[in-house]
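Trainee: Could you walk me through this one, feature by feature? I'd like to know how to read each thing as we go.

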2 protein chains.
Amino acid sequence: MINKLVDKIQKTKAPIVVGLDPMLSYVPEHVQKKAFAEFGETLEGAAEAIWQFNKEIVDKTYDLIPAVKPQVAMYEQFGIEGMIAYKKTVDYCKSKGLVVIGDVKRGDIGSTSAAYAVGHLGKVKVGNNTYAGFDEDFATVNPYLGSDGIKPFVEVCKEEKKGLFILVKTSNPSSGEFQDQLIDGKPLYEMVGEKVAEWGADHMGDSYSYIGAVVGATYPEQGKLLRKVMPKSFILVPGYGAQGGQGKDLVHFFNEDGLGAIVNSSRGIIAAYKQEAYAKFGAENFGDASRAAVEAMIEDIQGALEAAK
Amino acid sequence: MINKLVDKIQKTKAPIVVGLDPMLSYVPEHVQKKAFAEFGETLEGAAEAIWQFNKEIVDKTYDLIPAVKPQVAMYEQFGIEGMIAYKKTVDYCKSKGLVVIGDVKRGDIGSTSAAYAVGHLGKVKVGNNTYAGFDEDFATVNPYLGSDGIKPFVEVCKEEKKGLFILVKTSNPSSGEFQDQLIDGKPLYEMVGEKVAEWGADHMGDSYSYIGAVVGATYPEQGKLLRKVMPKSFILVPGYGAQGGQGKDLVHFFNEDGLGAIVNSSRGIIAAYKQEAYAKFGAENFGDASRAAVEAMIEDIQGALEAAK
């Protein structure tokens, strides 16, 4: 799957991922109205609204991008109905040839991590049959529990040729509270980064490892350091756009081959129609606004990568 | 909800929680057979089997215990059908008067943590209506992202009078890999414990805070220290029984009032019928075996607390 991701990035020339994190407030009124007319102002109605919203954005952008990253929390808030919309979104994106990164940030002790890994990336045995529960291509994972929380995920990834992005340095303002603490003069995130490189060495694709890392766009200096600590790990970079990161801050997240990072934007793409720059499209054409925002993002990042050569 | 938990612990004299973590391999054959006969060897069949298994255990133990802790990973592995069984389990346990601790170990950046908090502990707005998604009483949360990943959970807990157990020192063998690292001579778990006390001071019940901590039974020395660092926080203690912890190791997780900790056992209770000590019940009467295991666990812990007086 890491090979497919690299291949798709090279073909689209777009090291970006669209974050499908649909707050109900992002969904244009006409889409909400239609869903509520059919299912009422219910969890089912909300789930239908976010699914239709996602579908339109995917239809208008899938040819430009290699991957999407649905944030499961945004679906989980609507209970079971939301999880059904999550699964529909995963399946639909895969049918469009997109790589799907499930932003689930799971992580637990051994046997429990194994169950999460099976549910999101693997297959579960029921009697004589096997089934895939959610079946994303990659999942994000939290490292706080250490190696025996991570290894069951790696094992399932090996079987299924799937991958992980492990939280190393997150994009939020208080990420430093624990992650930046110095241990023998070295910040915790660097120590986690070294572990990611170690776990990743055990499951390599052609040029990059199946085991990647999450490093926020909002911390470019740390990105520069972590790029060197984990040379073979892809870095998933959240925090572009709405959270403040820009193309020029991101060049050091990439390797000299122009690869090694994939930059996520969520609100900046999916709610583009609400921004002044894309207001001309109108809420009716929110998908076209998202397409234009994707094009601008690709240009920003490609331009920054070219300028840095 | 922390007041209800304290009250129920005092009434049952049982500072314990039953972990409803149903691996399919724990479910007796006759329960599996019946579920598969109705729904086939499908995800729906597996979900029915674990739900019927849970229901029997709850029916046979609810009068002895204050709380249950379903581990969502064990349901998530069966996809949407598994999540439906999770929700059924949560609702059924609440109808029996039990406090439900959703062992979900969620955690993300601000707005995303808010969505998880809404989905598991709060209510989501859809048009003019509000709905509770999963509606547990407590949730476990991962602290790696720092304060702004935790505070949205605390805000929802304040509104709903619900609570959290934040991972501090986990029970698994490699928990020390990051959690034990020394920062200015103090381990990371102690620093996280200090933060739990700080977050908890902001949301107090009558005698204990709504914001508790997870500290593994397998680390009694650390439990002793953390008890002092977070005097007003309840400690959820996993790792009893199958993972190796025993009553005598646990006395220092409690305060002098005999409160302040709640000890979890999962496999040791729900799969008791597979142990030699309870084999006499037979797989047919697995619920009675679980009841006997609960009684033995209460005796072990109460005995240790008495002996330490």
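**Reading the two-chain model**

Mentor: Let's start where the chains meet: 59 residues of chain A are in contact with 59 residues of chain B. Contact here means that the C-beta atoms of two residues, placed from the backbone, lie within 7 Å. By class, chain A's side of that interface has 28 nonpolar, 24 polar and seven charged residues. Ala, Val, Leu, Ile, Met, Phe, Trp, Tyr, Cys and Pro count as nonpolar, Asp, Glu, Lys and Arg as charged, and the others, Gly among them, as polar.

Trainee: And what am I looking at, in terms of source and numbering?

Mentor: This is a predicted model: local features need pLDDT of at least 70, side-chain atom pairs count only at pLDDT 80 or more, and totals for chains, interfaces and linings use all residues. Residues are numbered from 1 along each chain as its sequence is written, while chains are lettered from A and ligands numbered from 1 in the order in which they are written.

Trainee: What pLDDT does chain A average?

Mentor: pLDDT is the predictor's confidence in each residue, from 0 to 100. Chain A averages 96, and 99% of its residues score at least 70. For the model, ipTM is 0.96 and pTM is 0.97.

Trainee: How many helices and strands does chain A have?

Mentor: Both are DSSP runs numbered from the N terminus: helices are H or I with at least four residues, strands are E with at least two. Chain A has twelve helices and twelve strands. Its radius of gyration is 19 Å, close to the 19 Å that the globule rule gives for 309 residues, so chain A is as compact as a globular protein of that length. That radius is taken over C-alpha atoms, and the rule is 2.2 Å times the number of residues to the power 0.38.

Trainee: What share of chain A is buried?

Mentor: A residue is buried if 20 or more other C-beta atoms, placed from the backbone, lie within 10 Å of its own, exposed if 12 or fewer, and partly exposed in between. In chain A, 60% of the 309 residues are buried.

Trainee: Why is strand β7 of chain A described as largely enclosed?

Mentor: Seven of the seven residues of β7(A), residues 163–169, are buried, so the rest of the structure largely encloses this strand. Now look at its neighbours; two strands pair if DSSP finds at least two bridges between them. β6(A), residues 138–141, runs parallel to β7(A) and is joined to it by four bridges, with A:V141 opposite A:I166. Between these strands the chain passes through helix α7(A), residues 147–160, in a right-handed β-α-β crossover. Right-handed means that, with the strands pointing away from the viewer, the path from the first strand over the helix to the second runs clockwise. β7(A) also pairs in the parallel sense with β10(A), residues 211–215, over five bridges; there A:I166 has A:A213 as its bridge partner.

Trainee: Which elements cover the buried residues of helix α6 of chain A?

Mentor: Nine of the eleven residues of α6(A), residues 110–120, are buried, so this helix too is largely enclosed. Among those buried are A:Y116 and A:H120. The cover includes β3 (99–106), β4 (124–126), β6 and α7 of chain A, together with α4 (73–76) and α5 (79–95) of chain B.
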